[in-house]
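Trainee: I have a protein model open and would like to learn how to read it. Could you walk me through some of its features?

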Amino acid sequence: MSTLSIGDLARRTGVPVETIRYYERMGLLPKPPRTEGNYRAYEAGHERRLAFVKRSRDLGFGLDAIRALLDLADGADRPCGEVDALARDQLAEVERKIADLTAMRAELQDMLGHCRNDTVADCEIIGRLRGK
């Protein structure tokens, strides 16, 4: 069976080496066997699991949710209601963040719309940031 070094695994998955080590410490990625030279020797299952974690992080899932998703994924015969609930919770969080970003964009656009390009003493943006 072919194994990967941590550097090779990082290159293949796009996950930095330090993040891989962090996921191992957090229990999201099982610790791999070691070579005679004491180097980590990752197998295909590690790569698949790391890709799962990376995609979950890309979608904004937190570590606890990813841990739960991995647990659910490991029990393929279980009903997917819990997975759906985790995904719904994450979607609600994404929608909340979008609403916050939309409000921030509107505020910044409004500030810029009132900018007269005078001096900083008369700057609408600085005034609003100061709470005036």
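Mentor: Happy to; we will go through the features one at a time. Keep in mind that this is a predicted model.

Trainee: Which part of the chain does a record describe?

Mentor: UniProt, in an unreviewed entry, places the feature "domain: HTH merR-type" at residues 3-72. Over that stretch the chain is 60% helix and 0% strand. The C-alpha atoms at its ends are 26 Å apart.

Trainee: Let me try a single residue. Is E24 buried or exposed?

Mentor: E24 is buried, because its relative accessible area is 5% and buried means under 20%. You will find E24 in helix α2, which covers residues 17-25.

Trainee: What does E24 touch, leaving aside residues up to four places away in sequence?

Mentor: On that count, E24 touches L29, P30, K31, P32, R40 and Y42. With R40 there is also a polar contact from side chain to side chain, at 3.1 Å.

Trainee: Next, charges. What is the general idea behind a salt bridge?

Mentor: Side chains of opposite charge can pair when their charged atoms come close. Here, the structure holds 14 salt bridges.

Trainee: Which residue forms a salt bridge with R12?

Mentor: That partner is E47, and the closest N and O atoms of the two are 3.1 Å apart. The pair links distant parts of the chain, since R12 sits in helix α1 (residues 6-13) and E47 in helix α3 (residues 44-58), 35 residues apart. R12 counts as exposed because its relative accessibility is 53%, and the cut-off for exposed is over 50%.

Trainee: How about E82 and R78?

Mentor: E82 and R78 form a salt bridge too, with their closest N and O atoms 3.8 Å apart. E82 counts as partly exposed, because its relative accessibility is 47%. R78 is also partly exposed, with a relative accessible area of 35%.

Trainee: Which residues are joined into one network by salt bridges that share partners?

Mentor: Begin with R128 and E107, whose side chains meet in a salt bridge at 3.4 Å, N to O. This pair links distant parts of the chain: R128 belongs to helix α6 (residues 124-129) and E107 to helix α5, 21 residues apart. Salt bridges with shared partners then join E107, D110, E124 and R128 into one network. E107 itself is partly exposed, at 37% relative accessibility.

Trainee: Let me turn to nonpolar side chains. Which residues make the nonpolar surface patch of about 240 Å²?

Mentor: The patch is made by L91, V94 and I98. Take I98 as an example: I98 lies in helix α5, residues 81-113, and is partly exposed at a relative accessible area of 48%.

Trainee: I have heard of phi angles as well. What should I look for?

Mentor: Most residues other than glycine have a negative phi. N38 is a case to look at here, as its phi has a positive value, near 70 degrees. You can find N38 in the loop between α2 and α3.

Trainee: One more. Where does R130 lie?

Mentor: R130 lies in the segment after α6. R130 counts as exposed because its relative accessibility is 60%. Try a distance as well: the C-alpha atoms of R130 and G14 are separated by 42 Å, and these residues are 116 residues apart along the chain.

Trainee: Thank you, I will look for each of these in the model.

Methods. Residues are numbered from 1 along each chain as its sequence is written. This is a predicted model: local features need pLDDT of at least 70, side-chain atom pairs count only at pLDDT 80 or more; totals for chains, interfaces and linings use all residues. Side-chain values use heavy atoms; hydrogens and water are left out. Patches are made of residues with over 30% relative accessible area and no salt bridge: like charges are joined within 9 Å, nonpolar side chains (Val, Leu, Ile, Met, Phe, Trp, Tyr) within 5 Å. Accessible areas come from the Shrake-Rupley method with a 1.4 Å probe; for residues, only the protein chains shown count as cover. A salt bridge is a side-chain nitrogen of Lys or Arg within 4 Å of a carboxyl oxygen of Asp or Glu. Helices (H or I, at least four residues) and strands (E, at least two) are DSSP runs, numbered from the N terminus. Buried means under 20% relative accessible area, exposed over 50%, partly exposed in between (1.4 Å probe, protein chains only). A polar contact is a pair of N or O atoms within 3.5 Å; within protein, one must be able to donate a hydrogen and the other to accept it, and residues adjacent in sequence count only if both atoms are side-chain atoms. Contact means heavy atoms within 4.5 Å. UniProt positions are given in the numbering used here, feature names are shortened, and annotations may be inferred rather than shown by experiment.
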